[in-house]
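Biologist: Hi! I'm new to this one, could you walk me through its empty spaces and whatever sits in them?
Modeller: Happy to, let's bring it up.

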Amino acid sequence: MQPTFAPFPATRLRRLRRTPAIRALVQETTLSPADFIWPVFVRDGEGVVEPIHSMPGVNRLSVDKVAEAAVEAQALGIPAICLFPYTDPALKTEDCAEAWNPENLSNRATRAIKAAAPDIAVMTDVALDPYNINGHDGFVEGGEIVNDRTVEALVKQALSQADAGADIIGPSDMMDGRIGALRGALEGAGHQNVLLLSYAAKYASAFYGPFRDAVGASGALKGDKKTYQQDPGNSDEAMRLIARDLAEGADMIMVKPGMPYLDICRRAHEMFGAPTFAYQVSGEYAMIAGAGERGWVDGEKVMMESLVSFKRAGCDGVLTYFAPAAARLLNG
Ligand code: PBG
């Protein structure tokens, strides 16, 4: 689009910025609580609200408290909650069997949310890292993160989540062929309405640090995730990954992390037009919340500015730990 206008002074672009009313009229991008997916951390116990040191304002919640959070989210107009379990280290094994235990934390939390706040969409995470003794998203054999055997396990994990009532399944593992395998298995099991929100363009990022603390995977992780997550220097590869996942049956796609990758969001939205989400990840949250807490930036204003940037970049919505705080501000 070529901007056309008469030369100054016939055109004075500041006229459009003069008053709050005029600015509101010409605002191009707006935010609403309906743009948010709220990621929450689940732990065992009852009545537990346990602060996460590296994510000020974010807590690990026991299942009953997650259900309360879902009721709160529903009242705020947040359409979806995404569950991440903090798994007891004693349940982490090499075969990751806890991942498809119908009674695991994630599945219990899904059922509790469905009972307490039936209108909220529940999103669950498919990857083996919360259950894996070595912290990786896939099985490790001889130092290698193996693909195909991992995909078979991811299918079992996803089916147990769908059985528990998950509406949206979010494969965050970056294995090849998992979207097709998951879609086929869901169809075969009568879960044809379960959505797949693929973490299609997921980078090997240092911004995940606080999350790994939150789910207790930091200590466990051996090595890095560079053989399955993307190189931060790559953009064309992200488009190939998204095209592949859409072709295999993904309903929606995600770019992750968010703010350092807004160019990828914009490109993905323009190239595919599929529902596009960004994940404003734990490290992004920590930087804003931490600096806000110290008074180095105005935390609320930076939060809202960061969130609108995702919409402006073409995203339909954003996974953000700020969801309840931002929704409260937006609701006045
Ligand atoms: C792992 C997973 C990660 C996040 C979501 N799912 C971390 C990783 O890949 O190591 C990160 C989310 C965040 O940082 O907020 N399957």
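Modeller: One term before we start: a residue counts as lining a pocket if it has an atom within 4 Å of one of the pocket's grid points. Also keep in mind that this is a predicted model.
Biologist: Thanks! With that in hand, which residues line the second largest pocket?
Modeller: One stretch of the lining is Gln 27, Glu 28, Thr 29, Thr 30 and Leu 31, and the others are Met 304, Val 308, Arg 312 and Leu 330. The pocket holds about 230 Å³ of space.
Biologist: Which helix gives the most to that lining?
Modeller: Helix α10, residues 299-312, with 3 residues. By class, the lining splits into 4 nonpolar, 3 polar and 2 charged residues.
Biologist: OK, on to the largest pocket. What is its volume?
Modeller: About 330 Å³. There are 19 lining residues, and those closest to the centre are Trp 38, Gly 57, Val 58, Asn 59 and Pro 324.
Biologist: Which elements supply at least two residues of that lining?
Modeller: Two strands and two helices: β1 (36-43) and β3 (59-62), plus α2 (63-76) and α11 (323-330). The largest share is from β1, at 4 residues.
Biologist: And what's the mix by class?
Modeller: You'll find 14 nonpolar residues there, along with 2 polar and 3 charged ones.
Biologist: Let's switch to closed spaces. How many cavities of 30 Å³ or more turn up?
Modeller: Searching the whole structure gives 2 of them. The largest cavity has a volume of about 130 Å³. Its lining has 17 residues, with Asp 129, Lys 202, Tyr 208, Phe 211 and Lys 256 closest to the centre. Strand β9 (195-202) and helix α6 (209-214) are the elements that each give two or more residues to this lining.
Biologist: How do those lining residues divide by class?
Modeller: Into 7 nonpolar, 3 polar and 7 charged.
Biologist: What about the second largest cavity, how much space lies in there?
Modeller: About 40 Å³. Leu 83, Pro 85, Ser 106, Asp 125 and Ala 127 are among the residues that line it, and so are Pro 130, Tyr 131, Gln 157 and Gln 161. Strand β4 (80-85) and helix α4 (148-164) each supply at least two of the lining residues. The classes there are 5 nonpolar, 3 polar and 1 charged.
Biologist: I can see a ligand too. Which space does the ligand take?
Modeller: The ligand takes the space of the largest cavity.
Biologist: Nice. Which residues are closest to the ligand?
Modeller: Arg 212, Lys 225, Lys 256, Ser 282 and Tyr 321, out of 18 that surround the ligand. That shell has 8 nonpolar, 3 polar and 7 charged residues.
Biologist: Which polar atoms face each other? Start with Lys 202: what lies 2.8 Å from its polar side-chain atom?
Modeller: An oxygen atom of the ligand. The side chain of Tyr 321 also has an N or O atom 2.5 Å from a ligand oxygen. For Lys 256, an N or O atom of the side chain is 3.3 Å from a nitrogen atom of the ligand.
Biologist: Last one: how much of the ligand's accessible area does the protein cover?
Modeller: On its own the ligand has 410 Å² of accessible area, and the protein covers 100% of that.
Biologist: Great, thanks for the tour!

Methods. Residues numbered from 1 in each chain as written. Predicted model: local features only at pLDDT ≥ 70, side-chain atom pairs only at ≥ 80, totals over all residues. Heavy atoms only, no water. 1 Å grid on protein atoms, 1.4 Å probe; cavity = no way out; pocket = protein on both sides within 12 Å on 5 of 7 lines; lining within 4 Å. Points joined across faces, edges and corners; volume = space filled by probe spheres on them. Nonpolar A, V, L, I, M, F, W, Y, C, P; charged D, E, K, R; others polar. Near = heavy atom within 4 Å. Polar contact = N/O pair within 3.5 Å; in protein donor to acceptor, adjacent residues only side chain to side chain. Areas by Shrake-Rupley, 256 points an atom, 1.4 Å probe, with all protein chains shown as cover. Sits in = over half its atoms within 2 Å of the grid points.
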